[in-house]
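Grab a pencil and open the viewer. Here are some exercises to work through, each with its solution.

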Amino acid sequence: MFKQVISAIENGRSPYLFTGVDEDKQGKLAVMDAGTVYGEQDLVSDIQTISSFPCMRDGVLIERITTTPHLILCGAGHVSVYTAMIAKIAGFRVTVIDQRIDFANKERFPDADEIINRPFEDALRSIHDPNTYFVIVTRGHRDDNICLRTILNLQYTYCGMIGSKSKIKIVFDDLLSSGYSEDQLKSVHSPIGLPIGAQTPEEIAVCIVGEMIQVKNAEKHGSEWDEALCEAIRTIREPYAMVTLIDKKGSAPRSTGARMIVKRDGTIISSIGGGFGEFEAAGYAKEMLQNGSKARRYLCKMNNRDAADKGMICGGEIDILIQIMEA
């Protein structure tokens, strides 16, 4: 089932994952991908009646799985250098597009996942991931116009364009005269970034990534599977434990749907939030791998005194499901 999920997101789709949580369904799985259901059919609900994911319905955790958010930097100037660096720290996959090899190269962008030295329009048309964040920071009006014209015909989560009010007006007026709608232009964050009075390239990069994070977290429509988790599912050749955060209360750091893998030797891949709760869940997972258990639900309650005694400062409560998966 998890490999079916990965296959879907690798092909630009966002599948739905149904995980049985209550005792009679615990550990069972189903996937809905492009209308086709795989696995336990009785877990599947009508997703058209659900407005926000993840959610719990009749003892089943229902998620819409998305990829790691993908930042596409159009332009490789000074602002892009720092935006790439900060976005990578914040968990984004980063691609830089610029024909100028002297600007767009691995020396200037050591943290970038991909550098494309092709014309903007050509490079942008090859991108088909809806969980994409476009940041237009090119060297002039002409390239801004080319990028924005192309991007407005793609699927994306965020699009922002840097520039003065006069520059933005020139680009927008030209697009309107070419048949683009007001609604399309309203989707563009311009001026770009949070209004924190940023002046230097470093500060501007902070405000851009801050706005991207704000958009990403404003309405949670899915559960993100990071590349480390996906790669582990693809490559592990022995039974492993999938640990899923199915609910939380209080100030636990990760959201419902966060996942980590625990291997037989205790190695942890990805995270459900760190701290004592994650440590204890990993211990249970390793124990289950050794004794042949298949699924277990675990509630970790951390009141203020417990949190202090166990080295945590957040408190809160996390509800966890541990499933033993065959490779």
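The exercises below go from the whole chain down to single residues, and the model they use is a predicted one.

**Exercise 1. Work out whether the chain is as compact as a globular protein of its length.**

Solution. Start with the inventory: the chain has 10 helices and 17 strands. Next, take the radius of gyration, which is 22 Å, and set it beside the 20 Å that the globule rule gives for 327 residues. The two values are close, so the chain is as compact as a globular protein of that length. For the outline, the C-alpha trace spans about 65 × 45 × 35 Å along its principal axes. Now look inside: 46% of the 327 residues count as buried. Finally, take the contacts between residues at least 6 apart in sequence; 59% of them join residues at least 24 apart.

**Exercise 2. Find the largest nonpolar core and say which elements build it.**

Solution. This core has 24 residues, and those with the most contacts inside it are Leu 71, Leu 73, Val 94, Val 96, Val 135, Ile 208 and Met 212. At least two residues each come from β6 (70–74), α2 (78–89), β7 (93–97), β9 (132–136) and α7 (201–218). Helix α7 gives the most, with five residues. There is also a second, separate core of 23 residues, which includes Cys 74, Ala 123, Cys 147 and Leu 148.

Now zoom in on Val 94. Skipping residues up to four places away in sequence, Val 94 touches several residues, among them Leu 71, Leu 73, Ala 84, Ala 87 and Ala 112. Then try Thr 95, which is found in strand β7. Its relative accessible area is 1%, and buried means under 20%, so Thr 95 counts as buried. Leaving aside neighbours within four places, Thr 95 is in contact with His 70, Leu 71, Ile 72, Leu 73, Glu 114 and Ile 116.

**Exercise 3. Check the length of helix α5 (residues 165–177), then decide where its buried residues sit.**

Solution. First the length: at 1.5 Å a residue, the 13 residues of α5 should span 18 Å, and the end C-alpha atoms are 18 Å apart, which agrees. Next, list the buried residues of α5: Lys 167, Ile 168, Val 171, Phe 172 and Leu 175. They cover an arc of only 125° around the axis, so they lie on the same side of α5. On the other side of α5, Lys 165, Lys 169 and Ser 177 are exposed. What do the buried residues of α5 pack against? Their partners are α4 (141–151), β10 (158–161), α6 (182–186) and β11 (188–189). Just after α5, Gly 179 takes a positive phi of about 105°.

**Exercise 4. Describe how strand β17 (residues 316–325) is covered and paired, then place Tyr 284.**

Solution. Strand β17 is mostly covered, with eight of its 10 residues buried. It pairs with β13 (residues 240–249) in the antiparallel sense, over nine bridges. Within this pairing, Tyr 240 stands opposite Met 325.

Tyr 284 lies in helix α9 (residues 275–291). With a relative accessible area of 22%, Tyr 284 is partly exposed. Outside its neighbours within four places in sequence, Tyr 284 is in contact with Arg 296, Tyr 298 and Ile 322. Last step: Tyr 284 and Ala 241 are 43 residues apart in sequence and 9.6 Å apart in space, C-alpha to C-alpha.

Note on methods: Residues numbered from 1 in each chain as written. Predicted model: local features only at pLDDT ≥ 70, side-chain atom pairs only at ≥ 80, totals over all residues. Heavy atoms only, no water. Buried < 20%, exposed > 50% of the residue type's maximum accessible area, 1.4 Å probe, protein only. Helix = DSSP H or I, 4+ residues; strand = E, 2+ residues; numbered from the N terminus. Pairing = 2+ DSSP bridges. Core = buried A, V, L, I, M, F, W, Y, C linked by side-chain atoms within 4.5 Å. Contact = heavy atoms within 4.5 Å. Expected span 1.5 Å × (residues − 1). Arc of directions from axis to C-beta. Rg over C-alpha atoms; globule rule 2.2 N^0.38 Å.
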